[in-house]
Amino acid sequence: MKKIVVLLFLLQSNFMFSQNLEEAIYTATETFNSNPNTTAYILLEKQKTLFKNQLKTKDDQLAFVFLLCNKGYYLRHSAANKAIITYEEAWSRFSKHKLSALSNYDIIENCLKPLGNLYIKTSDYTNAESTIKQYIYLAKQSKNATQEIAGIINLSILYQNLSKHLSVIQLIEKTLKIKTPKPVQKQKLLSIKKASLIAIGKIKTATITKDIIGSTSYNSEFNSYLLLLKEGDYKNALLHFNNYKKLLQKDYSLRFAAKLLVQEAQLYYLLEQPDRTIKNLFDATKILLPNYNSNELPKKEDLYAENTFIDIFDLLAELQLNAKKKLHCYDLSFYVSSLLLKNLTSQESKLGNLTNNRNRSEKSIETCFNTFKKTQDSTLIMKALLYAERHKSSVLRDMSFKKTLFQKFPKDTLLQKEKLLIQQQEQITNQLINQQLYSTQNIATNNELYKTLSTVSMQLKQIKQKVVAKYPNALNFNFTIETLQQKLTTDNAVLVEYFYGRHALYQFVISKDNLSFYKIDLSEENRNNIKTFIRQFDNASVINNNVNRFTQNAFNTFKTLNFGITSSSKNILIIPDGLLNFIPFEALLTTETTTASYSKMPFVVTKHHLVYNSSIQMYLKQNKPIKSSSVLGVFPVFENSNQPLPYSVNEAKAIKKEMNVRLLMKDQATKSNFIKNASEFDILHLSTHATSGTLTEPARIEFYDTTMFLNELYSLTINNELVVLSACETGVGRLQKGEGALSIARGFQYAGAKRILFSLWQINDLSTSKIMQSFYKNYSTNNSGVIANQNSKINYLKNDAISNIKKSPYYWSAFVFYGDFSSIPQYRFLNIYTYIFIVIILILLVYKTIRSSKKD
């Protein structure tokens, strides 16, 4: 067979040289289309390679785009990633050579629509949105209302996948007001809207939303299934799901058939029919893996990037009674998820995929904990810890390690190009956000931005493969308990890591010679303790208005978080999670107290050096101690505005007194001056305004002349040893499961800051100034951000010039230090003993000399 293929290839190759190249490409494609199979595909691939090197005219390019689109169509179900790459190349060529002016070839139908759908299927949501919006724009330009509505339908489906149900409803309602879709499209839009209404719990609204062509449509049956599923009526949900299947057209793909089997299996699981559930799941697996014919789990190496596999293995895990088999199923899901993540280039897409991994991590940790309680097998603690770490701040971690690689090989042209493209990607995203926020949207401009964003993404995918091949171990995040305990021994520290789940809070406590594992039930009482403590810092009056309530809550939260287990350790590393990202552990109380005097309260800060970090892997990353301490201070002050910061002038003077500093004061504190000078200093200090953002707006930080949004901050490259954010809410932002708060502080970490001091709430200008003055006074003597942060707070509490009311932890505990203990001068303790020894020797020498002189 192979010889025949080669012979055919050679014959056809000789023939194509004798005819017009354009005609040869069309002929080869049509020949393939007449009988698409594996043999024909291999031949087409060889022909494509030959054609590609011969392309000269625009007609040649158009013919080649035609070939690529047909190749993508063939691969779309069996090899999604190859299909995506093929469609991307087709669209890139079509755009680059401006082929729309040459022909009326339907690039939307033949390329962009299937490409957008493939992006959705592979969870590449950023590229999906960009592509769909591009072909909506093209459809508008060509006045093709049907394709425009089709794009809006697909955009609505994308937003549903992202759980942006309000956006779905608003988009569809807006569309139906200004457009008149065809009946089938209108029914589809209403069906999608109804599904979103069901998802957000507006059951009554969804019930009275009518479909156009009656209750017997498959869309109506599907929504009835969703509604009954939401209400817990699984028996009738199955009935409507089966009706939905009967009404479907039978020419759907094998992938869709597998998905239907999995959806049905989920219903059987809820109806407590495990045998039917398992049968469906293995039948679905056999469809996705044609060569697989077993009732055992497939091998990892046989799997590929397909979301349906994840649904299969997650549900199989729920059915397992054996812990080892359950964890194996979850591990297979994690593996497929990692294959999907490999193809994502944008931060937004990566963040969008964290939720499911997060839920799976919780179930895996729960399985480990329950088994550990029964068997006392200590290896399960490490296994659970690895599950907790697997996707903890993973997007930030990946970028941090990537930037380390950039710094290690600064002259590598491949890495230089990747770095430039990553920066460009964030800059374009920032431009799009600015357009949306300031209502200056220009449809044509937006389309060009989306087109450029797609191009950058395609280039990043290609470069990423080359970088991984060249530096295969650069992004290896594995660690051992021995490595971790060795670092904790060096730092003389104990690590406390939390995993904030839906039903329980898991705690790992690791010292130089011990590893402990605890489960804290998230009962209503425990949830209330945590949430109430966070709300204590909503404004300055909450704590002072009821000091007794605060002290009780601060101690109860201390107990809830099982933080007393660290009482014997001076140095504590905290890796918070979920809502715990917003807790100032320094302000917890270690014992009950009845005093109303804040300076006499047993705050954690009075007993421990606290350092926070995003993950163990980030903590283990080697950061050198700060040797010099040059500071760039940015002080806009905002005189003659409605939000002046007059006390920041005193803050600037205090820093100048203690440190080697360059100050950008008032009108010098511009964004461009900051960007230009930031990388030249060891320490950055920004005393300004900042906000945490909203669900729709990113966090931002203010300069004298303008605002810097989070995505612009992401695009920067800095390498500062320490960034001090003397501004409000710099550690607060939209809470992303697994990643933490998408805050200004995280933005600086993403840009490359090694250590960071930031605030958790809006704070008083005067108290901030005092804290910062004390921080730098301490820092100048010990060169340690950890000690300086602790001492500044203790000094504030001991300052007799400050009234008791102003000593509320609201005023002093907002600032938390993220980083490591590397700058704690452990050697000083050795020096003390050295000095004592020297003094003793000197005394003995003096004594001996005196005695000798007396004898003389």
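This is a working chat about salt bridges, helix pairs and one strand residue in a predicted model.

User: Before we start, what is the numbering, and which pLDDT limits apply in this predicted model?
Analyst: Residues are numbered from 1 along each chain as its sequence is written, and side-chain values use heavy atoms, with hydrogens and water left out. Because this is a predicted model, local features need pLDDT of at least 70 and side-chain atom pairs count only at pLDDT 80 or more, while totals for chains, interfaces and linings use all residues.

User: OK, how many salt bridges are there in the whole structure?
Analyst: Searching the whole structure gives 32 salt bridges, where a salt bridge is a side-chain nitrogen of Lys or Arg within 4 Å of a carboxyl oxygen of Asp or Glu.

User: What does Asp314 pair with?
Analyst: Asp314 forms a salt bridge with Arg360, and their closest N and O atoms are 2.8 Å apart. Asp314 lies in helix H16 (residues 307-319) and Arg360 in helix H19 (residues 354-375), so the pair ties together parts that are 46 residues apart in sequence. Helices here are DSSP runs of H or I with at least four residues, and strands are runs of E with at least two, both numbered from the N terminus.

User: Is Arg360 buried or exposed?
Analyst: Arg360 is buried, with a relative accessible area of 3%, whereas Asp314 is partly exposed at 21%. Buried means under 20% relative accessible area, exposed means over 50%, and partly exposed is in between, using a 1.4 Å probe and protein chains only.

User: And where do Glu45 and Lys48 sit?
Analyst: Both are in helix H3 (residues 38-52), three residues apart, which means that about one helical turn separates them. Their side chains meet in a salt bridge with an N to O distance of 3.9 Å; Glu45 is partly exposed, with a relative accessible area of 25%, and Lys48 is buried, with 11%.

User: Which residues are linked in a network of salt bridges?
Analyst: Glu721, Lys754, Arg755 and Asp820 are linked in such a network.

User: Switching to helices, at what angle do the axes of H13 and H14 cross?
Analyst: The axes of helix H13 (residues 234-247) and helix H14 (residues 254-270) cross at roughly 165 degrees and come within 9 Å. That makes H13 roughly antiparallel to H14, since angles over 145 degrees count as roughly antiparallel, under 35 as roughly parallel, 65 to 115 as roughly perpendicular and the rest as oblique. Axes are lines fitted to C-alpha atoms, for helices over the stretch in contact, and angles run from 0 to 180 degrees between N-to-C directions.

User: Which residues of H13 meet H14?
Analyst: Those in H13 include Tyr234, Leu238 and Phe241, and those they meet in H14 include Phe256, Leu260 and Leu267, with contact meaning heavy atoms within 4.5 Å.

User: What about H22 and H23?
Analyst: The axes of helix H22 (residues 413-437) and helix H23 (residues 443-470) come within 9 Å and cross at roughly 155 degrees, and the two helices are therefore roughly antiparallel to each other.

User: Last one, what does Gln736 touch?
Analyst: Leaving out residues up to four places away in sequence, Gln736 touches Leu351, Leu354, Thr355 and Leu742. Gln736 is in strand E13 (residues 734-736), and Gln736 is buried, with a relative accessible area of 10%.
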